[in-house]
Amino acid sequence: MDIKEVDRIIEMCWEDRTPFEAIEYQFGLKEKDAIKIMRKNLKKNTFKVWRKRVSGRKTKHQELKSSSRFKSIHKK
């Protein structure tokens, strides 16, 4: 994976409305793999803050959302 892809994955992980399923669809990474990338590329405290923020969050997990649609702000 090149640096642009890693940067985009990190950006998508930080976005509140982008579910992990969108990351899997675009990059073939399961949630646990996206978490590994975040852990490896973020500072320890930044990772902890992010992890606390997204744990169990409805918008980050497609099956918890009422809508089945996802859309990146970068895609038209």
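User: Where along the chain is the place of Lys60?

Analyst: Lys60 is found in the segment after H4, where helices and strands are DSSP runs (H or I of at least four residues, E of at least two) numbered from the N terminus. This is a predicted model, in which local features need pLDDT of at least 70 and side-chain atom pairs count only at pLDDT 80 or more, while totals for chains, interfaces and linings use all residues. Residues are numbered from 1 along each chain as its sequence is written, and side-chain values use heavy atoms, with hydrogens and water left out.

User: Is Lys60 buried or exposed?

Analyst: Lys60 is buried, its relative accessible area being 0%; the term buried stands for values under 20%, exposed for values over 50% and partly exposed for those in between, with a 1.4 Å probe and protein chains only.

User: Which residues is Lys60 in contact with, leaving aside its neighbours within four places in sequence?

Analyst: A contact means heavy atoms within 4.5 Å, and by that criterion, with neighbours within four places in sequence left aside, Lys60 is in contact with Met12, Cys13, Glu15, Asp16, Thr18, Pro19, Phe20, Glu21 and Val54. For one of these partners, Pro19, the C-alpha atoms lie 3.9 Å apart although 41 residues separate Lys60 and Pro19 in sequence.

User: How should I read Asp16, which lies in the loop between H1 and H2?

Analyst: Asp16 is partly exposed, with 33% relative accessible area. Not counting residues up to four places away in sequence, Asp16 touches Arg53, Arg57, Thr59 and Lys60, and the C-alpha atoms of Asp16 and Lys60 are separated by 6.7 Å across 44 residues of chain.

User: How many helices and strands does the chain have, and what share of its residues count as buried?

Analyst: The chain has four helices and zero strands, so that the elements, taken from the N terminus on, run α-α-α-α. Of its 76 residues, 34% count as buried, and among contacts with a separation of 6 or more, 57% are between residues 24 or more positions apart.

User: What span does H1 reach from its first C-alpha to its last?

Analyst: The expected span of a helix is 1.5 Å times one less than its number of residues. With twelve residues, H1 reaches 17 Å from first to last C-alpha, close to the expected 16 Å. Its buried residues are Val6, Arg8, Ile9, Ile10, Met12 and Cys13, and the buried residues of H1 pack against H2, H3 and H4.

User: What does Met12, which lies in helix H1, touch?

Analyst: Met12 counts as buried at 1% relative accessibility, and its contacts, not counting residues up to four places away in sequence, are with Thr18, Ala22, Ile23, Gln26, Phe27 and Lys60. From Met12 to Ala34 the C-alpha distance is 9.6 Å, with the two positions 22 residues apart in sequence.

User: How many residues has the largest nonpolar core?

Analyst: In soluble globular proteins, nonpolar side chains tend to be buried together. A nonpolar core is a set of buried Ala, Val, Leu, Ile, Met, Phe, Trp, Tyr and Cys residues joined through side-chain atoms within 4.5 Å. Here the largest has 17 residues, and Cys13, Phe20, Ile23, Met38 and Trp50 have the most contacts inside it. At least two of its residues come from each of H1 (3-14), H2 (20-27), H3 and H4, with H1 giving the most, five residues. Phe20 lies in H2 and is buried at 3% relative accessible area, while Trp50 touches Cys13, Trp14, Phe20, Ile35 and Met38, not counting residues up to four places away in sequence.

User: At what angle do the axes of H3 and H4 cross?

Analyst: Two packed helices are described by the angle between their axes and the distance between the axes. The axes of H3 (residues 31-41) and H4 (residues 44-54) come within 9 Å and cross at roughly 150°, the axes being lines fitted to C-alpha atoms over the stretch in contact and the angles running from 0 to 180 degrees between N-to-C directions. H3 and H4 are therefore roughly antiparallel (over 145 degrees, as against under 35 for roughly parallel, 65 to 115 for roughly perpendicular, and oblique for the rest). The contact is made by Glu31, Ile35, Met38 and Arg39 of H3 with Phe47, Trp50 and Arg51 of H4.
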